[in-house]
Amino acid sequence: MNNKVVLIGCGNVGMAYAYSLMNQRTPVTELALIDLNTERVSGEVLDLNHCNQFADSKMKVKVGSYEDCKDAKIVVISAGANQNVGETRMDLINKNSQVFKSIIDKVMENNFNGIIIVATNPLDVMTYITLKYSNLSPTKVIGTGTTLDTARLRYILSEKIGISTNNIEAYVIGEHGDSEFIPWSNASIALKNIKDFLNEAEMTQIEEEVRNSAYEIINKKGATAYGIGMCLTGITNAILEDKNIILTVSSYDEENEVCFGGPTVINKDGVKEKLFIPLNEEETKKLIVSIKTIKEAINSIE
Ligand code: NAD
């Protein structure tokens, strides 16, 4: 079976993804690495292949080229600038949209017909421009969206309440950025509303903590990597194993003509269905603001 993945951008995020694939029973059979820094890529390939004896995965890792896109099932893009201390994700917009134009052109010149997963920030903008530059079907362009933010939320709730992350039905939705929010009104554990477990002040504090997680990590260690690496692995496996699982990825919404994060069913075709959580009035306003933020950012691209 050919389950080839091409990874474009082998920095902190890209290599955390590659290493987490290596550590799981992923169906990926081959991983082709591409980066402008070719010397680093050849070093990363050697280092990863040396995991083989101890790895659950028998995935082959190699130095890739854009020709690898011809028969790849998935292309993952984590190339481009990351946030410096004090920068927001939106500050990266012009640098990374240029990087993306050159990358997507090369991917599509090689008749790629699989699924693209985008991790680069500003995430929802990069997902949207990937869709536009590639001309792929909207079901085949997926951004990591608020998967990482949702994972952070579930971790914090799990620690506080003492119930596994798997049994917490709570999501972060909207922009993967400062306008993201938690629709608490329908968050639940074992069909009980989250309000049975937390008071308003705790919810506000948790939402702040989730929103500021990336800033805190960047201040302390310069970049975030493991969390997003695992999210990318989760999305990859959901596609290759045709899982039909719900993840808060970013995908195209026809009504608003933009990509944003929300619960989405993922399977072998990519996006099977974008689901919408019932929102109260205040939450609806927050979603409108978040969508507007993404749209304005897209319109601002030079
Ligand atoms: P990094 O600087 O460590 O790595 C980026 C890599 O991209 C570098 O190795 C660079 O050589 C490569 N690159 C740049 N232009 C390229 C091109 N045209 N072709 C091929 N490779 C190219 O950055 P990082 O920390 O890995 O972050 C990557 C991106 O992921 C950033 O935009 C960051 O903000 C984003 N990110 C997203 C999430 C998320 O939740 N989606 C989480 C963390 C980071």
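**Exercise 1.** Determine how many bridges join β7 to strand β8, and in which direction the two strands run.

*Solution.* In this predicted model, where local features need pLDDT of at least 70, side-chain atom pairs count only at pLDDT 80 or more, and totals for chains, interfaces and linings use all residues, two bridges join β7 to β8 (residues 188-189), and these strands run antiparallel. Residues are numbered from 1 along each chain as its sequence is written, and side-chain values use heavy atoms, with hydrogens and water left out. Strands are DSSP runs of E with at least two residues, helices are runs of H or I with at least four, and both are numbered from the N terminus; two strands pair if DSSP finds at least two bridges between them. Within this pairing, Ile 168 stands opposite Ile 189 in β8. The next step places the pair in an open sheet of three strands, ordered β7-β8-β9 with antiparallel pairing. Its edge strands, each pairing on one side only, are β7 (168-169) and β9 (192-193).

**Exercise 2.** Check whether the length of helix α6 (residues 200-221) agrees with its expected span, and locate its bend.

*Solution.* The expected span is 1.5 Å times one less than the number of residues, so the 22 residues of α6 should span 32 Å, which agrees with the 31 Å between its end C-alpha atoms. Helix α6 nevertheless bends by about 50° at Asn 212, the bend being the angle between axes fitted to the seven residues ending there and the seven starting there. Finally, the buried residues of α6 (under 20% relative accessible area, 1.4 Å probe, protein chains only) include Val 210, Arg 211, Ser 213 and Ala 214.

Technical notes: Buried means under 20% relative accessible area, exposed over 50%, partly exposed in between (1.4 Å probe, protein chains only).
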